[in-house]
Amino acid sequence: MASWSPDTPCSCDCFVSVPPASAIPAVIFAKNSDRPREEVQEVVFVPAGTHVPGSRLQCTYIEVEQVSKTHAVILSRPSWLWGAEMGANDHGVCIGNEAVWTKEPVGTGEALLGMDLLRLALERGSSAQEALHVITGLLERYGQGGSCREDPMPFCYHNTFLLADRTEAWVLETAGRLWAAQRIQEGARNISNQLSIGTDISAEHPELRPHARAQGWWDGQGAFDFAQTFSLTQQPVRMEAAKARFWAGQELLQQRQGGITAEAMMGILRSKESGICMDSGGFRTTASMVSVLPQDPTQPCVHFLTATPDPSRSVFKPFIFGVGAAQVPQVLSPTFGAQDPVRSLPRFQTQVDRRHALYRGHQVALGLMESEQDRGQQLRQKQRDLEQEGLEAVRGLLAREWAPPPQELGGLFQAFVEKESRAYA
């Protein structure tokens with residue numbers, strides 16, 4: 001099993017609000033991706049596609065069989081790998097994943113990363129439940145494994161997932177190839193690097209309980225509590241920190257019950273006091289996402305992405321699937337082909353500069369915010385104004401007060417990235 005260190009990147013927080021917890025008739029999804037401090041996260045748009053029967057698909061480490069059709073996706077991902085930390089598809093499905101450690105051993109063998117499973121589910125699932133079935137099917141067939149960071153020392157974990165669509169959400173928690181899932185049809189829910197499904201299990205791997213009984217973790221009597229049965233008896237220090245974030249996140253959601261909006265979720269993701277907005281040692285919140293999924297299928301889903309670290313000093317920019325949706329070059333990292341350290345064996349022996357244009361501009365802005373008070377305040381005000389512009393545009397759109405042509409909607413993210421880039425120039 002991979003060793004622990006103070007800089008181990010093992011923290012993330014996902015949130016979802018399902019009416020009546022939401023202030024509007026919409027499911028609202030949010031995630032902070034907490035990763036190694038210097039890691040760059042890019043925003044990638046992949047259009048829908050059709051594929052040759054029998055073709056194969058290269059994921060981060062292994063190949064899997066390709067399907068005949070894939071959905072369009074928007075992904076926020078560490079730029080060195082194939083999968084994603086969070087994202088959405090054009091059917092209104094959103095997914096975020098998190099690291100978790102359980103009594104099931106974590107091997108270092110290369111298989112599918114949790115981030116690969118997330119992207120595969122978005123490309124193949126037209127609802128949250130269908131996406132869940134994609135993940136569990138691939139998990140049972142290929143397993144999960146491989147190093148989850150760009151480092152010669154392998155660092156591996158299992159995964160939990162929060163999946164949402166226009167009508168409901170699911171929490172999926174795994175232990176090796178085993179899993180349990182909980183359906184959320186109303187209210188608010190969060191996950192934070194620990195097993196959280198107790199006795200309220202909506203679906204599970206058929207061998208989950210027999211395996212627990214065979215290992216002596218459950219006596220087969222009374223209610224079966226997944227988290228209690230599969231959680232580590234001795235929790236590492238950082239797992240205890242995750243527990244504190246979980247309860248803090250739950251409290252922040254409860255405080256806003258019935259009034260949860262995209263802006264409220266952004267506020268939760270920016271909470272430094274709770275540790276949800278992470279900035280500690282060798283890792284920090286490297287990217288964030290908030291999505292509004294209206295229950296009315298005639299209204300578009302809106303996905304706000306930062307593409308830059310520290311949401312408290314970043315801009316959430318709106319993305320909408322549409323005719324004009326395309327890859328925005330300013331948030332796409334450079335590629336290195338066969339010379340990429342993730343492709344060369346042994347892996348990760350060298351480092352490359354993966355910073356994209358917006359990331360570079362944002363780094364300069366962060367430096368000014370810390371070193372020059374007046375200039376820093378001006379930049380922070382520009383960020384706030386730009387974000388409010390995006391939020392107001394989305395409010396008008398969902399209230400049917402603004403009805404731009406599809407081409408304009410599809411180009412919305414590009415327009416806001418360009419405005420942010422100019423603010424940093």
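How many aromatic pairs does a search of the whole structure find? In this predicted model, the search returns 12 aromatic pairs. A pair of aromatic rings is described by the distance of the centres and the angle of the planes. For Phe45 and Phe321, the ring centres lie 6.3 Å apart and the planes meet at 45 degrees, so this pair is classed as tilted. The contact links distant parts of the chain, since Phe45 belongs to strand E3 (residues 41-46) while Phe321 sits in the loop between strand E19 (317-319) and helix H7 (357-371), 276 residues apart. Both Phe45 and Phe321 are buried. A pair with another geometry is formed by Phe246 and Trp247, which meet edge-to-face with 5.3 Å from centre to centre and 75 degrees between the planes; of these two, Phe246 is buried, at a relative accessible area of 8%. Phe45 and Phe321 also belong, together with Phe319 and Phe413, to one aromatic cluster.

Aromatic rings also take part in contacts with charged side chains. Arg119 is placed over the face of Trp82, 4.0 Å from the ring centre, and Arg149 lies over the face of Phe155 at 5.3 Å from the ring centre.

The next element to consider is strand E11, residues 158-164, which is largely enclosed by the rest of the structure because 7 of its 7 residues are buried. In a regular strand the side chains alternate between the two faces of the sheet. In E11, His158, Thr160, Leu162 and Ala164 point one way, whereas Asn159, Phe161 and Leu163 point the other way, and all of them are buried. Strand E10 (residues 94-100) runs antiparallel to E11 and is joined to it by 7 bridges, with Thr160 of E11 serving as the bridge partner of Glu98. E11 also pairs with strand E12 (residues 169-175), again in the antiparallel sense, over 5 bridges, and here Leu162 has Val171 of E12 as its bridge partner. The connection from E11 to E12 is a hairpin of 4 residues.

The cysteines remain to be considered. A disulfide is a covalent bond between the sulfur atoms of two cysteines, and with a cut-off of 2.5 Å between the sulfur atoms the count comes to 0 disulfides. The sulfur of Cys148 has its closest cysteine sulfur in Cys156, at 5.9 Å, and is therefore too far for a bond; Cys148 is buried, with a relative accessible area of 3%. For Cys301, the closest cysteine sulfur is that of Cys94, and because the distance is 6.9 Å this too is too far for a bond. Cys301 likewise counts as buried, at 9% relative accessibility.

Notes. Residues are numbered from 1 along each chain as its sequence is written. This is a predicted model: local features need pLDDT of at least 70, side-chain atom pairs count only at pLDDT 80 or more; totals for chains, interfaces and linings use all residues. Side-chain values use heavy atoms; hydrogens and water are left out. Buried means under 20% relative accessible area, exposed over 50%, partly exposed in between (1.4 Å probe, protein chains only). Helices (H or I, at least four residues) and strands (E, at least two) are DSSP runs, numbered from the N terminus. Two strands pair if DSSP finds at least two bridges between them. Rings of Phe, Tyr and Trp (its six-membered ring) pair if their centres lie within 6.5 Å; planes under 30 degrees apart count as stacked, over 60 as edge-to-face and the rest as tilted. A charge sits over a ring if NZ of Lys or CZ of Arg is within 6 Å of the ring centre and within 35 degrees of the ring normal.
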